[in-house]
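Colleague: Could you take a close look at one part of this model for me and then follow it outward? I would like to hear what sits around it and how the pieces meet.

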Amino acid sequence: MLKVTARAHTNIALIKYWGKADPELMLPANSSVSLTLDQFYADTTVSFAAETGNDTFVLDGVKQSPAATQRIHQFLDLVRARTGVRGSATVRSVNHVPNAAGLASSSSAFAALALAATRAAGAELSPRELSRLARRGSGSATRSIFGGTAIWHKGHDDDSSFAEPVPTAPSLSLRMVAILIDDRQKDVSSRDGMARTVATSPYFPVFAATAEHDAPAMVAALAQGDMEQIGQFTERSAMMMHGANMAAEPPFTYFAPATLTAWAAVRAVRDAGLPAYATMDAGPNVKVLTDATHVDAVVAALHAQLDNELVVCAPGPAASVIDTTE
Ligand code: DP6
């Protein structure tokens with residue numbers, strides 16, 4: 001029995017994915033661009049039994065209920081259909097995140113699972129094929145197959161919707177500072193939140209059209225190393241996503257009071273002349289995009305204003321197999 005462990009890192013979207021054109025195939029409404037981070041990752045071990053039966057999913061040492069295993073089970077069915085393996089799987093996943101402030105992510109989870117499960121089933125997929133497969137588990141996982149910066153081309157069918165790496169100018173060394181905000185409120189999952197926004201928010205079409213326009217422009221700005229453009233596109237995409245949520249029916253938001261405080265602190269850092277641009281996802285944490293030259297000054301300036309824990313991230317590597325045992 002082959003047992004394979006894969007590691008995949010979380011990515012943060014600079015141009016957001018926030019809505020599906022096809023929920024079954026997990027095709028997004030727009031293309032998106034991301035940065036994979038070195039500090040947050042998932043290690044996932046998969047083995048298939050010879051016999052059919054229920055899949056087992058153990059997350060951070062805790063065996064998950066059948067309901068919590070359902071999404072993993074459906075994804076493993078795709079792997080079984082593709083590889084011809086029929087047996088039940090045991091999946092053990094460990095999230096490496098600094099604390100419990102909602103940074104565990106489905107992007108690293110399904111990228112690691114796609115790689116570990118296909119290898120455990122004896123198949124070796126190309127990065128593009130893995131990206132397409134990971135997409136079926138969670139949209140953002142499409143991009144976590146790759147390290148550094150990546151674009152997810154929205155595509156129009158299963159074949160054409162995948163991510164690939166995009167280069168950044170040699171002069172540009174991106175850094176992302178995570179400001180950890182733990183609001184303990186009840187969350188709206190990203191899956192449910194985006195579905196509500198697609199279905200009801202009059203701002204959603206504008207968000208998606210702007211993101212579709214900004215994704216190639218972001219790729220060009222990354223290639224040119226134009227930090228100001230990169231930062232402006234990043235903030236615009238995040239704010240438009242969260243604006244669309246506030247206009248949904250019923251409206252909702254991931255902003256906590258501390259989120260606004262953090263966002264204001266980032267603006268103050270920028271007003272002081274440092275490159276610092278904020279983004280946030282389906283939770284209250286704020287992530288600050290800057291570069292290696294200025295990151296120490298940005299961290300010091302944020303610390304001067306905020307009590308929150310800060311985690312400095314550099315671009316992370318592509319998903320990889322870290323252990324294989326017979
Ligand atoms: C805000 O990938 O978690 O992080 O495809 O339904 O699994 P599903 O959603 P998910 O959504 C991520 C949304 C986001 C923005 C992004 O990563 O592009």
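Modeller: Happy to! One convention first: helices here are DSSP runs of H or I with at least four residues, strands are runs of E with at least two, and both are numbered from the N terminus. Please also keep in mind that this is a predicted model.

With those labels, let us begin at Pro250, in the loop between α7 and α8. The peptide bond that leads from Glu249 into Pro250 is cis, and its omega is near -5°. That deserves a second look because most peptide bonds are trans, just as most residues other than glycine have a negative phi.

On one side of that loop is α7, residues 227-246, which includes Glu228. Glu228 counts as exposed because it has 11 C-beta neighbours inside 10 Å, and the cut-off for exposed is 12 or fewer. Glu228 is also 42 Å from Leu78, C-alpha to C-alpha, with the two positions 150 residues apart in sequence.

On the other side of the loop is α8, and here we reach helix packing. Two packed helices are described by the angle between their axes and the distance between those axes. For α8 (residues 257-271) and α9 (residues 295-305), the axes come within 10 Å and cross at roughly 130°. The two helices are therefore oblique to each other. The crossing itself is right-handed. From α8, Ala265, Ala268 and Val269 take part, and they meet Val298, Ala301, Leu302 and Gln305 of α9. Sorted by class, this contact has six nonpolar residues, one polar and no charged.

Another pair of helices makes a good companion. The axes of α2 (residues 106-120) and α3 (residues 127-137) come within 8 Å, with a crossing angle of roughly 120°. This pair, too, is therefore oblique, and its crossing is right-handed. α2 brings Phe110, Ala111, Leu113, Ala114, Leu115 and Thr118 to the contact, while α3 brings Leu130, Leu133, Ala134 and Gly137. Eight of these residues are nonpolar, two are polar and none is charged.

Staying with α3, most of this helix is covered, with eight of its 11 residues buried. The buried set holds several arginines, Arg132, Arg135 and Arg136, alongside Leu130, Ser131, Leu133, Ala134 and Gly137. Besides α2, the cover over these residues includes α1 (66-83), α4 (141-144) and the strand β9 (162-165).

Now for the ligand. There are 13 residues around it, and those that come nearest are Ala13, Tyr17, Ser138, Gly139 and Ser140. The shell is a mixture of six polar, four nonpolar and three charged residues.

Finally, back to backbone geometry, with two loops where phi is positive in a residue other than glycine. Met26, in the loop between β2 (20-22) and β3 (27-28), has a phi near 60°. Asp60, in the loop between β5 (56-59) and β6 (62-63), has a phi near 50°. Both fall into the partly exposed class: Met26 has 19 other C-beta atoms within 10 Å, and Asp60 has 13. Buried would need 20 or more such neighbours, so Met26 stays on the partly exposed side of that cut-off.

Definitions and conventions: Residues numbered from 1 in each chain as written. Predicted model: local features only at pLDDT ≥ 70, side-chain atom pairs only at ≥ 80, totals over all residues. Axes fitted to C-alpha atoms, helices over the stretch in contact; angles between N-to-C directions. Parallel < 35°, antiparallel > 145°, perpendicular 65-115°, else oblique. Left-handed = near helix turned anticlockwise from the far one by under 90°. Contact = placed C-beta atoms within 7 Å. Nonpolar A, V, L, I, M, F, W, Y, C, P; charged D, E, K, R; others polar. Near = placed C-beta within 6 Å.
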